[in-house]
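The following exercises concern cysteines and surface patches. Please work through each task before reading its solution.

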Amino acid sequence: MKSNRVVHIGPSVSARGGIARVIRGLLDSPLAEEYELTSVSTVSQHTGSVRLMAFPLAIARLTWMFIISKPAAVHVHTASWGSFPRKRLVVGLAHLFGVPVILHIHGGAFARYLQQRSSREQAVRRTLQRCCVVIALSEQLKERLLALVPDADIRVIPNSVDIPVSPAHNTSSAHMIFVGRPVSEKGIYELLDAMSGIVEQYPAATLEIAGNDEGGGLASRLRDLALEGNVRMCGWLGSAALHEAYSRSSIFVLPSHIEAMPVSLLEAMSYGLACVATPVGAVPDIITDGDNGIIIPVNDSRALTAALKTLLADEQLRFDLGEHARATIIAHYSLARTADLIGGVYAVCGVKKGRAG
């Protein structure tokens, strides 16, 4: 057994989405100085047969690894529907070979996933019982999981981000940004409706949507609302392009219907943007309304319009909220702090510190 090797299992580190960004952050965090961290991808960004073969190949690779050079632990990242059944098999395989498992639950829909079928509760209960430690992103999810397995070691550890050296310093801009999958559950249609009302009063206001228009529905909606000149669809952005997008913005907006702990919100706050979000998942743990951001009700385009108009009308308010937002991230959501907490989890699971390979 490799005494300080931990294998992260989840989407590819080059994949899109919050879980991949979390894994990339952990692999680049101070944890990498004390543990040998590697990753195995269970999903592929490709299509067709390549995508279908990703999980079987990952299982084969893990089995070979467990036989030849057993790691000290596996750190399994899971979400809900398609993700959890795959990760359940990974947890079972590690358990079979006596490898300690840290199960890291992402995704705001996990509680809903549990509610849909009683058989899912049984599967989740058995999986939790096979884990050394379970990481949840919120106290609400922790309590839900403890109701299934009261003696499980479940720890709330927030997502974290690499904090930029300096804030965006672009509070005079009327440029807003949305980062994520632009789908209905992210509140994108309420946001477009809000923009329709905003541009009547603030014709210079602009919105950048950093996410793919899956199916082309948004482009059609923009044409219907005559917003092509104010809203730009820029697709998924890599790290450098996303840095530039945050830096040219003054307001970040995420009117989601469901979330766990959105990495994009943490990123925007770290850049000192004034943020507008809904009270879903761990968002109320991050944002205090009126202090380091603005909280609006879910599925309320009127409240969203009012909040954005308030920010566009008041540069000092944008500055103050952004300053407090950045201070929040520095104090509670830095990679160094999260790495320290996860290092404590590794210690509980018997992983010894040592010079990374």
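**Exercise 1.** Determine how many disulfides the structure holds, and describe the surroundings of Cys131.

*Solution.* The structure holds 0 disulfides, a disulfide being a pair of cysteine sulfur atoms within 2.5 Å. For Cys131, the nearest cysteine sulfur belongs to Cys132 and is 8.7 Å away, so Cys131 is in no disulfide. Next, consider burial: a residue is buried under 20% relative accessible area, exposed over 50%, and partly exposed in between (1.4 Å probe, protein chains only). Cys131 is buried because its relative accessible area is 13%. Cys349, at 9%, is likewise buried.

This is a predicted model, in which local features need pLDDT of at least 70 and side-chain atom pairs pLDDT 80 or more, while totals for chains, interfaces and linings use all residues. Residues are numbered from 1 along each chain as its sequence is written, and side-chain values use heavy atoms, without hydrogens and water.

**Exercise 2.** Identify the residues of the nonpolar surface patch that includes Ile67, and place Ile67 in its helix.

*Solution.* A patch joins residues with over 30% relative accessible area and no salt bridge (nonpolar side chains within 5 Å, like charges within 9 Å). A salt bridge is a side-chain nitrogen of Lys or Arg within 4 Å of a carboxyl oxygen of Asp or Glu. Trp64, Ile67 and Ile68 form the patch, with about 380 Å² of accessible area together (Shrake-Rupley method, 1.4 Å probe). Ile67 lies in helix H2, residues 49-68; a helix is a DSSP run (H or I) of at least four residues. With a relative accessible area of 53%, Ile67 is exposed.

Terms used:
Helix = DSSP H or I, 4+ residues; strand = E, 2+ residues; numbered from the N terminus.
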